[in-house]
Amino acid sequence: MSKAERLSLPFTPWPAPDRRAWQSAFTRGDIFDDGGQGLRLSAASRRNYEVGYARWLGFLSRNDPAALSTTPTARVTRARVTAYSTELAQGRK
């Protein structure tokens, strides 16, 4: 298991809005709908995005768990992104 995976929040405990949005991004459409934007990604790119987002959620669950009860876009604040960037730069173990 990689360091990123150890610091990540696994998919199942992701907040429900995050799980729905993620699944929607990879859902095929029909003749009237092209489907989710994630369908164009390769399997490797999809995995990289999933690991990265799971790591962001893992950071929040460790440092600001109340943020997980807000909408995904409301979680993105200057203070949280700065703290997350600092953690990534320090190579947290």
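**Exercise 1. Find how many helices and strands the protein chain has, and give their pattern.**

Solution. The protein chain has four helices and zero strands. Helices (H or I, at least four residues) and strands (E, at least two) are DSSP runs, numbered from the N terminus. Along the sequence, the pattern reads α-α-α-α. The model is predicted: local features need pLDDT of at least 70, side-chain atom pairs count only at pLDDT 80 or more, and totals for chains, interfaces and linings use all residues. Residues are numbered from 1 along each chain as its sequence is written, and side-chain values use heavy atoms, with hydrogens and water left out.

**Exercise 2. Work out which residues form the largest nonpolar core, and which helix gives the largest share.**

Solution. Start with the rule. A nonpolar core is a set of buried Ala, Val, Leu, Ile, Met, Phe, Trp, Tyr and Cys residues joined through side-chain atoms within 4.5 Å. Buried means under 20% relative accessible area, exposed over 50%, partly exposed in between (1.4 Å probe, protein chains only). Of the 93 residues, 28% count as buried. Next, list the core: Leu9, Trp14, Trp22, Phe26, Ala54, Trp56, Leu57, Phe59, Leu60, Ala67, Leu68 and Tyr84, twelve residues in all. Helix α3 (residues 43–63) gives the largest share, five residues. In soluble globular proteins, nonpolar side chains tend to be buried together.

**Exercise 3. Describe the surroundings of Asp18 and find its salt-bridge partner.**

Solution. First, place Asp18: helix α2 (residues 16–25). Then check exposure. Asp18 is buried, at 3% relative accessible area. Now list contacts (heavy atoms within 4.5 Å). Leaving aside neighbours within four places in sequence, Asp18 is in contact with Tyr53, Leu57, Pro72 and Arg75. Last, the partner. A salt bridge is a side-chain nitrogen of Lys or Arg within 4 Å of a carboxyl oxygen of Asp or Glu. Arg75 pairs with Asp18 in this way (2.7 Å, N to O). The two residues are 57 residues apart, and the pair links distant parts of the chain. Arg75 is also buried, at 0% relative accessibility.

**Exercise 4. Count the salt bridges, then say where Asp64 and Arg80 lie.**

Solution. The count is four. One of them joins Asp64 and Arg80, with the closest N and O atoms 2.7 Å apart. Asp64 lies in the loop between α3 and α4 and Arg80 in helix α4, so the pair ties together parts 16 residues apart in sequence. Asp64 is partly exposed at 24%, whereas Arg80 is buried at 18%.
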